[in-house]
Amino acid sequence: MRHGSWMLPWLQPDRFPLYLAPMAGVTDTVFRGLCKELGADVTVTEFVSAEGILQADERTRKYTDFDEPQRPLGVQLFGADGKRMGEAARKITDWKRPDFIDINFGCPVNKVVAKNGGSSLLKDCPLLTNVASELVKASPVPVTAKMRIGWDSENVNALDVCRRLEDAGIQAIAIHGRTRAQGYTGLANWDVIGMCAEAVKIPVIGNGDIASGHDVERRRRETKVRGIMIGRAAMGNPWVFREAKHYLGTGEHLSPVTMEQRFEFMLRHTRLALVSNRYKDEISAMRSMRNRLMTYTAGLPGGKHLRAKFCHVSSVAELEDIAAEHLAATSRGSHVADANASTSEEGELLVAA
Ligand SMILES: Cc1cc2nc3c(=O)[nH]c(=O)nc-3n(C[C@H](O)[C@H](O)[C@H](O)COP(=O)(O)O)c2cc1C
């Protein structure tokens with residue numbers, strides 16, 4: 001069955017959805033739920049291999065867990081065998097009923113590229129087309145794609161790839177405006193994203209370096225993208241979705257969240273991680289939260305001091321103590337010097353919050 005005529009409800013012409021970008025190790029079910037509460041319209045799971053689904057691998061099951069409020073939600077698959085991916089799409093749809101399946105044509109990681117998955121398909125357009133059409137044929141739910149603009153600066157083929165994906169029956173394409181060779185360096189090329197959005201009829205969602213409501217508004221105004229996807233900025237500043245919605249609606253920025261609200265959020269995130277089924281015990285959950293806590297406080301008054309503590313934090317009770325102590329010190333004004341010493345990158349995060 002081909003789904004060429006499906007119109008995804010969240011991409012109707014009068015809508016302009018904000019997607020939370022899939023980020024392996026970051027956008028698990030807990031974080032997706034939190035971002036959805038803060039205004040993200042569409043969420044996508046971390047990428048999982050089609051083979052992992054077919055083998056009913058336990059970890060793959062966990063990676064694809066989601067709750068109803070996270071809808072519309074897509075499960076993101078990577079792989080290079082269209083038939084197997086089609087089978088995986090059917091199986092995951094039976095298990096979890098996602099709203100759509102998303103194909104990863106962007107992952108730059110060697111482990112994935114070595115198996116011909118992710119961005120390596122950008123180098124082999126016939127195979128990419130085959131994967132997309134087999135998946136569209138087999139999938140009981142609509143299929144979307146996420147891609148980079150090309151393999152490297154000599155091979156920026158996003159336009160050709162988008163046309164092929166559209167012909168294959170893909171319903172929407174998220175484009176990260178970097179090549180595979182760039183990794184996360186340099187700037188996302190929004191000219192190429194804009195060109196693709198003009199060239200195809202299916203919706204293009206723009207992705208790359210969006211960190212504020214102002215960024216969202218600018219890309220919406222300057223290109224024909226039909227939605228925006230936000231990744232790294234949301235890691236430390238999940239409020240970016242709320243801020244962007246407010247800015248789109250009023251042309252004004254929201255005040256940054258207070259330190260109390262930030263800690264409240266960090267504690268809530270940590271407690272939810274603890275009761276999720278992702279970690280076997282408190283210490284494993286806390287280990288995985290350490291980096292996240294550091295990201296939440298980058299550039300804030302006393303951030304350096306906090307990060308030294310987060311490196312070792314091993315229980316929620318300890319985190320509660322750190323929060324209480326920090327808030328008491330902040331009210332005494334003892335973190336001002338530390339804030340002044342923060343790097344410019346951290347400073348930007350502070351402004352973005
Ligand atoms: C830690 C991390 C993990 C990522 N994992 C995935 C993934 O599983 N699937 C995917 O399509 N993209 C993945 N990406 C790419 C992001 O979805 C996004 O395209 C990229 O970060 C650019 O958007 P940004 O500038 O808003 O961060 C990942 C990025 C990061 C930083």
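1. Let's start just past helix α11, where Gly251 takes a positive phi of about 75 degrees. Keep in mind as you look at this glycine that the whole model is predicted.

2. Now step back into α11 itself, which covers residues 240–250. Which of its residues are buried? They are Val240, Phe241, Glu243 and Ala244. These four sit on the same side of α11, because they cover an arc of only 160 degrees around the axis. Turn the helix over and you'll find the exposed residues Gly249 and Thr250 on the face turned away from that buried side.

3. Next, the overall layout. The domain assignment splits the protein into domain 1, residues 9–250, and domain 2, residues 259–352. Their C-alpha centres lie 29 Å apart. The contact between them takes twelve residues from domain 1 and eleven from domain 2. On the domain 1 side, the elements that give two or more residues are α1 (29–37) and α10 (232–236). By class, that side of domain 1 has six nonpolar, four polar and two charged residues.

4. The UniProt record draws its own boundary: an unreviewed entry lists residues 20–323 as "domain: DUS-like FMN-binding". In the model, this span is 49% helix and 13% strand, and its end C-alpha atoms lie 27 Å apart.

5. On to Cys107, which UniProt lists for "active site", again in an unreviewed entry. Where would you look for Cys107? Try the loop between β5 (100–105) and α5 (110–113). Is Cys107 buried or exposed? It counts as buried because 22 other C-beta atoms lie within 10 Å, and the cut-off for buried is 20 or more. Leaving out residues up to four places away in sequence, Cys107 touches Phe47, Phe78, Val112, Gly117, Gly118 and Ser119.

6. UniProt (unreviewed entry) also places a "binding site" feature at Pro22, Met23, Ala24, Gln76, Lys146, His176, Gly231 and Arg232. Two of these are worth a visit. Ala24 is in the loop between β1 (18–20) and α1. With 16 other C-beta atoms within 10 Å, Ala24 is partly exposed. Beyond its neighbours within four places in sequence, Ala24 is in contact with Glu46 and Phe47.

7. Gln76, also on the binding-site list, lies in strand β4, residues 73–78. Gln76 is buried, since it has 25 other C-beta atoms within 10 Å. Its contacts, apart from neighbours within four places in sequence, are Pro22, Val44, Thr45, Phe47, Val48, Asp102 and Asn104. Pro22 is itself on the UniProt binding-site list.

8. What about the ligand's surroundings? There are 22 residues around the ligand, and Ala21, Met23, Phe47, Gly231 and Arg232 come nearest. You have met Phe47 before: it touches Cys107, and it is in contact with Ala24 and Gln76. The shell divides into ten nonpolar, eight polar and four charged residues.

9. Finally, have a look at Ile228 in strand β9, residues 227–230. Ile228 is buried because 25 other C-beta atoms lie within 10 Å. How far is Ile228 from Phe16, in sequence and in space? The two are 212 residues apart along the chain and 7.7 Å apart in space, C-alpha to C-alpha. Not counting residues up to four places away in sequence, Ile228 touches Leu18, Ile205, Gly206, Ile210, Val216 and Arg219.

Terms used. Residues are numbered from 1 along each chain as its sequence is written. This is a predicted model: local features need pLDDT of at least 70, side-chain atom pairs count only at pLDDT 80 or more; totals for chains, interfaces and linings use all residues. UniProt positions are given in the numbering used here, feature names are shortened, and annotations may be inferred rather than shown by experiment. A residue is buried if 20 or more other C-beta atoms lie within 10 Å of its own, exposed if 12 or fewer, and partly exposed in between; C-beta atoms are placed from the backbone. Two residues are in contact if their C-beta atoms, placed from the backbone, lie within 7 Å. A residue is near a molecule or strand if its C-beta atom, placed from the backbone, lies within 6 Å of it. Ala, Val, Leu, Ile, Met, Phe, Trp, Tyr, Cys and Pro count as nonpolar, Asp, Glu, Lys and Arg as charged, and the others, Gly among them, as polar. Domain bounds come from an automatic or database domain assignment. The arc is that of the directions from the helix axis to the C-beta atoms.
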